[in-house]
Amino acid sequence: MQPSASSPAPSPAPAPAPHFDERLTAPRSWWLIAGLLGLSGGLVMFPLGTVPMLGGLIVAAVLAGAAVSSYGSARIRVVAGSLVAGDARIPVSALGAVEVLDAEEARAWRMHKADPRAFMLMRSYVSRAVRIEVTDPSDPTPYVYLSSREPEALAEALEAVRAGAED
């Protein structure tokens, strides 16, 4: 008896490689603070005995670590003709001019120049940013503000995707 020669099932197409991918991870000092909060939880429970102390240490450390991890998991990507920033997915065709902001200009756009209608993915520990106009007339968002450690690379990726779409 010979095995039947069946053709392998077609594999799904690989996901397109991102033109830009950045994770805005929290700084190491925040992880140190999370560890100290865990230690504090243990110290608070110390008068109740060893087991409650270990429980307090573990619970406080896990909660603080989860908070730091979730805040530091923001991701910015340019993939498949879209800008994906946090939970937002915006087609590059709906975006206009890209402005790379230095630390001083980024601070101004976070404070007195900010528009409350803008989409902002900002992290206090990232000093530079990029501001991207939204050109979609049906979208009330005037611009997208994204903190980035590599704003020039993000701007280049957006321009490359835009140039590729025009070809």
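## A buried tryptophan and its partner

Let's start with Trp-109, which is buried, with a relative accessible area of 13%. Keep in mind that everything here comes from a predicted model. Who does this tryptophan pair up with? Trp-109 forms an aromatic pair with Tyr-143, and the two are edge-to-face. Their ring centres are 5.3 Å apart and their planes make an angle of 75 degrees; anything over 60 degrees gets the edge-to-face label. Tyr-143 is buried too, at a relative accessible area of 4%.

Now look at where the two rings come from. Trp-109 lies in helix α3 (residues 103-110), while Tyr-143 lies in strand β8 (residues 143-147), so this pair ties together parts that are 34 residues apart in sequence.

Trp-109 has a charged visitor as well: the charged end of Arg-131 sits over the tryptophan ring, 4.1 Å from its centre. Arg-131 counts as buried, at 12% relative accessibility. We'll bump into this arginine again further down.

## The stacked rings

The pair we just saw belongs to a count of four aromatic pairs. Another one is Trp-30 with Tyr-71: their ring centres are 5.6 Å apart and their planes are at 20 degrees, so this pair is stacked. The cut-off for calling rings stacked is under 30 degrees. If you're wondering what to look at when you see two rings side by side, a pair is described by the distance of the centres and the angle of the planes.

Which parts of the chain does the stacked pair join? Trp-30 lies in helix α1 (residues 28-45) and Tyr-71 lies in helix α2 (residues 50-71), so the pair ties together parts that are 41 residues apart in sequence. Trp-30 is partly exposed at 27% relative accessibility, and Tyr-71 is partly exposed with 31%. The two rings aren't on their own, either: Trp-30, Tyr-71 and Tyr-125 form one aromatic cluster. On top of that, Arg-123 lies over the face of Tyr-71, at 4.2 Å from the ring centre.

## Strand β8 and its neighbours

Back to the strand that holds Tyr-143. How many residues of β8 are buried? The answer is five of its five, so you can call β8 mostly covered. Tyr-143, Tyr-145 and Ser-147 point one way from the strand, and Val-144 and Leu-146 point the other way.

β8 pairs with two strands mentioned here. Strand β6 (residues 119-121) pairs with β8 in the parallel sense, over three bridges. Strand β7 (residues 129-134) runs antiparallel to β8, and five bridges join these two. Try finding Leu-146 in the structure: it is the bridge partner of Leu-121, and it is also the bridge partner of Val-130.

## Salt bridges

Side chains of opposite charge can pair when their charged atoms come close. How many salt bridges does a search of the whole structure find? It finds six. One of them brings back our arginine: Glu-99 forms a salt bridge with Arg-131, with the closest N and O atoms 3.2 Å apart. This pair links distant parts of the chain, with Glu-99 in strand β5 (residues 95-101) and Arg-131 in strand β7, 32 residues apart. Glu-99 counts as partly exposed, at 29% relative accessibility, whereas Arg-131 is buried.

Another salt bridge joins the side chains of Asp-21 and Arg-75, at 2.6 Å from N to O. This one also links distant parts: Asp-21 is in strand β1 (residues 20-23) and Arg-75 is in strand β2, 54 residues apart. Asp-21 is partly exposed at 39% relative accessibility, and Arg-75 is partly exposed with a relative accessible area of 29%. A further salt bridge has Arg-117 and Asp-115 meeting at 2.9 Å, N to O, and there Asp-115 counts as buried, at 18%.

## An odd backbone angle

Most residues other than glycine have a negative phi. Ala-80 has a positive value instead, near 55 degrees. Where does Ala-80 lie? You'll find Ala-80 in the loop between β2 (75-79) and β3 (82-85).

## How confident is the prediction?

The protein averages a pLDDT of 87, and 87% of the residues score at least 70. Which elements have the lowest and the highest mean pLDDT? Helix α4 (residues 151-166) has the lowest, at 85, and α1 has the highest, at 95. That helix α1 is the one holding Trp-30 from the stacked pair.

Methods
Residues are numbered from 1 along each chain as its sequence is written. This is a predicted model: local features need pLDDT of at least 70, side-chain atom pairs count only at pLDDT 80 or more; totals for chains, interfaces and linings use all residues. Side-chain values use heavy atoms; hydrogens and water are left out. Rings of Phe, Tyr and Trp (its six-membered ring) pair if their centres lie within 6.5 Å; planes under 30 degrees apart count as stacked, over 60 as edge-to-face and the rest as tilted. Helices (H or I, at least four residues) and strands (E, at least two) are DSSP runs, numbered from the N terminus. Buried means under 20% relative accessible area, exposed over 50%, partly exposed in between (1.4 Å probe, protein chains only). A charge sits over a ring if NZ of Lys or CZ of Arg is within 6 Å of the ring centre and within 35 degrees of the ring normal. pLDDT is the predictor's confidence in each residue, from 0 to 100. Two strands pair if DSSP finds at least two bridges between them. A salt bridge is a side-chain nitrogen of Lys or Arg within 4 Å of a carboxyl oxygen of Asp or Glu.
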